[in-house]
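Take a look at this model before reading on. Two places will be visited in turn: a ligand site and a helix.

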Amino acid sequence: MILLVAALALVALWLVFRARELGGEVRHLHESLQAQTEMAEQAARRAERLHDLTSQLVAIPAEEPVLNAVARQARLATGALAAAVVAPRSDGRPGLVASDGMASTLARAAEAASDSPTPAGDVMQTGEPVWIETRKSLAERYPEAAELADPEGRAWAALPLLGNSRLLGAIVLSFGRPGGFRAEDRSFMLLLAQQCAQAVERAQLNERGMRARVRAEFAERRLAFLAEASQRLASSLDYQTSLSAMAEMAVPDLADWCLVYLADEAGMPHLVALAHPDPVRREGRREFEARYPGSGLAADALRRVMATGEPDLILDVTDDMLRAAARDEEHHELLRSFRLRSVLSVPIAAEDRVIGSLTLALAHPGREFGEPDVTLAMELGRRAGQAVENARLYTAAHHASAAKSDFLAVMSHELRTPLNAIIGYADLLLMGVPDDVGEGARRQVQRIRGASDSLLQLVEEVLSFSRIEAGKEEIRISPVDLSELLRDTVAMVEPLAAEKSLELRLELPDRRLRLVSDERKIRQIVTNLLSNAVKFTQQGTIEVSATSDESGFRVDVRDTGIGIPVEYLERIFEPFWQVENVSTRRYGGTGLGLGVARKLARMLEGRLDVSSEEGQGSVFSLILPRHTPGMNRNT
Ligand code: ADP
């Protein structure tokens, strides 16, 4: 019995012991299960945080906000007290670019500004992470940083921000609890740093691309603007019109106001163009200019620009400046009313002399003139100067040409009157009025008559030229018998041809050639061609032939004279131009005949062509339509 009891007690004891043992095992099992669950949960939480972090960072396009988000997200995801991002500055040395939750002293500790080593500095040198698990080891490895470090900090991690191709910087994390970083903690943080680096790199690329795009767009807009401005400047030979068109373009894109001043001989500024989007303000400014001519900020700037030839930029217009520019209180008030904030004036130069200024002014806040505006304005000023110069040259040339035409018209007219008298009296003498002249005297009178005819032709040529130049040549349309006209003209030059023993031939079709045109002008053209043919031919033949087809008529004047070098075939139609230069000239003449003849032919809707071989002769061909419409026109 005792034995049985003892055995039972033993069994019970064993059972108790076993149960304890089992309990321990179960607890152990339970604990390890719990730890595993926790780890799995933590891993899941971390994966989730990484996912959150990536999706948050991806959405940010610019570098600076991405860096700030990196600091913040890295702190949140790792449960750190504070986080900082350190990256190379423009001088290549590491500097703090973003921080979250860090006292400024700690931020400075993270920054490797001094020569003493710091965790971030080491990371940036080696590309490897730095783990510091106690305050003691921080003090040992980085004494200077330890002094600045957050008093609550117990452990630190500095992680490399490794982009695809290079090290972008480091993330520094400070933890409030001491203790080792487990392998999984480390790999999580490295993974996190990798994701951050990718986001930073993406933002940098994005920003660089955007900057390049903005630069390209700006350059493109600038070119387009200048091209359009040049076009406007060239649109008129009246410089006031073209400068106004250019000024209109400058507002409101470049500035709120655009004013163009030109200085007179005494250096007094005159406003020649003005642009502002609001017509009321524009009018106000005009009234101001009329009331206080050559005064105010822009006019003062013009004086400076004229003295230096350099752009003049007032970034911030102060009331003192306005007061200094004003003549009296009312003037001051008016100047204030334009509310100018910045004024940029650049020179307008012609032939290396500053003749005026282009002024751009900003009135609205939020805008500022920068270097590109100055460059663009300078270029505009240069082009405006060219436009003014071109307009001046054109006006001067136009005046000179008008003066010349007037002179020629008056002179020829004055010459024609006595010349007609000479011709008239010579004709009377030849007719035996009042008395018959003897045979010898008759020949002399005939010579006077011939010379007067040539002189009259010259005078007519000059008159025609000045009439065409002045746009006063008119056409008078009537039926013309071309055959008869050609016979007459040939008969007229016959004596001259005979004097030089030249054969003169006229080839006409049997039927009469009739057209509707201006007879006097055709006569003038053919006479000119024939007298040239006689003048420039020493021996041989001069032949006039005429043909017709359904479109019109063709008159050829062919000679066997000196011919025209091929390079001058077009130049001979220019006014006052002759193949021989003035000093070696043997043939006389004005150099106007062919130019006038070609213009007259065009007025008749026809044309005058030439073909020639030097030393062999020339053919001038007058092409005329059957019917010239009767209207006044110049070509
Ligand atoms: P002008 O005869 O008064 O000099 P034109 O305008 O009639 O002026 O002619 C211009 C120039 O063309 C002449 O000076 C001459 O050099 C050349 N020319 C014109 N006709 C002929 C011709 N038939 N043969 C050779 N040269 C000619």
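Which elements each supply at least two residues of the shell around the ligand? They are α16 (519-535), α17 (593-603) and β17 (617-625). Keep in mind that this is a predicted model. Among the contributors, α16 gives the largest share of the shell, with three residues.

The ligand has 21 residues around it. Those that come nearest are Asn 532, Gln 578, Thr 590, Gly 591 and Leu 594. By class, the shell holds nine nonpolar, 10 polar and two charged residues.

Now follow the ligand's oxygen atoms. One lies 2.8 Å from a polar side-chain atom of Asn 532. Lys 535 also takes part: an N or O atom in its side chain is 3.0 Å from an oxygen atom of the ligand. Leu 594 uses its backbone instead, with a polar atom there 2.8 Å from a ligand oxygen. On its own, the ligand has 530 Å² of accessible area, and the protein covers 97% of that.

Turn next to helix α10, residues 297-308. Its 12 residues reach 16 Å from first C-alpha to last, close to the 16 Å expected at 1.5 Å a residue. Which residues of α10 are buried? They are Leu 297, Ala 298, Ala 299, Ala 301, Leu 302 and Val 305. The cover over these buried residues includes strands β6 (257-263), β7 (269-275) and β8 (312-314). It also includes α11 (319-325), β9 (342-350) and β10 (353-362). After α10 comes Gly 309, with a positive phi near 75°.

Methods:
Residues are numbered from 1 along each chain as its sequence is written. This is a predicted model: local features need pLDDT of at least 70, side-chain atom pairs count only at pLDDT 80 or more; totals for chains, interfaces and linings use all residues. Side-chain values use heavy atoms; hydrogens and water are left out. Helices (H or I, at least four residues) and strands (E, at least two) are DSSP runs, numbered from the N terminus. The expected span of a helix is 1.5 Å times one less than its number of residues. Buried means under 20% relative accessible area, exposed over 50%, partly exposed in between (1.4 Å probe, protein chains only). Contact means heavy atoms within 4.5 Å. A residue is near a molecule or strand if one of its heavy atoms lies within 4 Å of it. A polar contact is a pair of N or O atoms within 3.5 Å; within protein, one must be able to donate a hydrogen and the other to accept it, and residues adjacent in sequence count only if both atoms are side-chain atoms. Accessible areas come from the Shrake-Rupley method with a 1.4 Å probe; for residues, only the protein chains shown count as cover. Ala, Val, Leu, Ile, Met, Phe, Trp, Tyr, Cys and Pro count as nonpolar, Asp, Glu, Lys and Arg as charged, and the others, Gly among them, as polar.
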